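Me: Could you take me through the aromatic contacts and a strand pairing of the model shown here?

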Amino acid sequence: EGAQYHETLTAVTWEDCDLRWWLNNFFLEDAFSSDEIAYIQDTYLSTPDSVYGNKSGGNDTVDKIFCLSIDEAETYFSSDSRRKAVLTEYASKQTNFSWWWLRSPGGADDAAKAIVNADGTVCTGGNWVTNNDSVRPAMWVKMH
């Protein structure tokens, strides 16, 4: 089973979604030791409005763990083949999906968020926020 962007099928921004809370609380504490958490940097995030121009990206946030935006996914993974997710052993116990959430709003309607498809293409139209998609957590780490 994957993770929902939000439990309720409603318009929701990254700032207010359930996935943001889960990543920065449960996942952070479960996946990393306190020593490791000390290396994870607080990151200032701006979430641009929908590429369709009709959906707000919401307020800026500061997070340790986050989902990439459309622009970040296309910048940090320069091709579809690089964006294609291969499930780790741990991830395959949680989900059988290899598409993953982005924090950017989608364009299908107010309850959609952008995703990266299993083939690595960015789907700006998005997926319903209540779907169980995979999560590819991102973070910035400072090496002491």
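Reply: The turns below take up the aromatic rings and then a hairpin. This is a predicted model, in which local features need pLDDT of at least 70 and side-chain atom pairs count only at pLDDT 80 or more, while totals for chains, interfaces and linings use all residues. Residues are numbered from 1 along each chain as its sequence is written, and side-chain values use heavy atoms, with hydrogens and water left out.

Me: How are the rings of Tyr5 and Trp14 arranged: stacked, edge-to-face or tilted?
Reply: Rings of Phe, Tyr and Trp (its six-membered ring) pair if their centres lie within 6.5 Å, and planes under 30 degrees apart count as stacked, over 60 as edge-to-face and the rest as tilted. The centres of Tyr5 and Trp14 are 6.3 Å apart and the planes stand at 50°, so the pair is tilted.

Me: Is Tyr5 buried or exposed?
Reply: Buried means under 20% relative accessible area, exposed over 50% and partly exposed in between, with a 1.4 Å probe and protein chains only. Because Tyr5 has 0% relative accessibility, this residue counts as buried.

Me: What is the angle between the ring planes of Tyr5 and Trp101?
Reply: Tyr5 and Trp101 are both buried. Their ring centres are 5.4 Å apart, and the pair is tilted because the planes stand at 55°.

Me: Which residue stands opposite Ile115?
Reply: Strands β4 (residues 112–116) and β5 (residues 122–128) pair in the antiparallel sense over four bridges; strands are DSSP runs (E, at least two residues), numbered from the N terminus, and two of them pair if DSSP finds at least two bridges between them. Opposite Ile115, in β5, stands Cys123.
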